[in-house]
Amino acid sequence: MSRPRKIRRVSKPPICSRFKPVGIPARLLDVVDLSVDEYEALRLADYEGLEHKEAAEKMGISRPTFTRLIDQARKKFASGIIEGKEISIEGGNFQFLQHVARCRNCGSTYNYTQHAPDKCPECNEEDLENLNLYYQRGRGRGRGKWGQGK
Ligand SMILES: [Zn+2]
């Protein structure tokens, strides 16, 4: 029926994957699932301020596809804020162009394309987490807090 979807290019993983309203227990919250490619559309259009054409090229998709993606992302994001839902970023049809390592000690993040840093340049800690793996391994809801699981 529909053509197979092209893999969407995403610059690098989001540094935070879950956003939760303050003061409401998680079990009472509805969750809005934003895919990683929808996150990237928001980042390019609304954070970086790119035109749809340019943003579409960066992601390797057509402009009409980008426009649908950003519309969908904005609706989801707005419904999270307006209706007081938890926003979770995960899944989608994408590949990351860069890696991000995050120091488990001080929380600093480092972008790289080839070789991960051996240790944190800020604090010399050697316990670094690759955020890409976090998004690629398909965690289940309710798990995968920062600093857990390796
Ligand atoms: Zn550090």
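This is a short talk on how the strands and helices of one protein chain are arranged.

Hi everyone, thanks for coming. Before anything else, please keep in mind that this is a predicted model.

Let's begin with the overall picture. The protein chain contains four helices and eight strands. Going along the sequence, the order reads β-β-β-α-α-α-β-β-β-β-β-α. The chain has 150 residues, and 23% of them are buried. For those of you who think in contact maps: take the contacts between residues at least 6 apart in sequence, and 65% of these join residues at least 24 apart.

Now to the open sheet. In what order do its three strands lie? The order is S2-S4-S3, and the pairing is mixed. That puts S2, residues 18–19, and S3, residues 31–34, at the edges. Each of these two has a single partner strand, so one side of each has no neighbour in the sheet.

Let's look at S3 and its partner a little longer. S3 runs parallel to S4, which covers residues 86–89, and four bridges join the two. If you'd like a residue pair to click on, try Asp 33, whose bridge partner in S4 is Ser 88. There is a helix here as well: H3, residues 63–83, lies across S3 and S4. Its direction makes an angle of about 155° with S3.

Next, please scroll along to strand S6, residues 99–103. S6 is joined to S7, residues 109–112, by four bridges, and these two strands run antiparallel. Two of the residue pairs are handy for finding your way around. His 99 has Tyr 112 as its bridge partner in S7, and Val 100 sits opposite Asn 111 in S7.

How many residues lie between S6 and S7 in their hairpin? There are five, and in the turn you will find Gly 107, with a positive phi of about 85°. So much for the turn; back to the strands.

S6 also pairs with S8, residues 128–130. Three bridges connect S6 and S8, again in the antiparallel sense. Here the pair to look for is Ala 101, which stands opposite Asn 130 in S8.

To recap, then: S3 and S4 are parallel, with H3 lying across them, while S6 runs antiparallel to S7 and pairs in the antiparallel sense with S8 too. Thanks for listening, and I'm happy to rotate the model for anyone who wants another look.

Terms used
Residues numbered from 1 in each chain as written. Predicted model: local features only at pLDDT ≥ 70, side-chain atom pairs only at ≥ 80, totals over all residues. Pairing = 2+ DSSP bridges. Contact = placed C-beta atoms within 7 Å. Axes fitted to C-alpha atoms, helices over the stretch in contact; angles between N-to-C directions. Buried ≥ 20, exposed ≤ 12 C-beta atoms within 10 Å, placed from the backbone.
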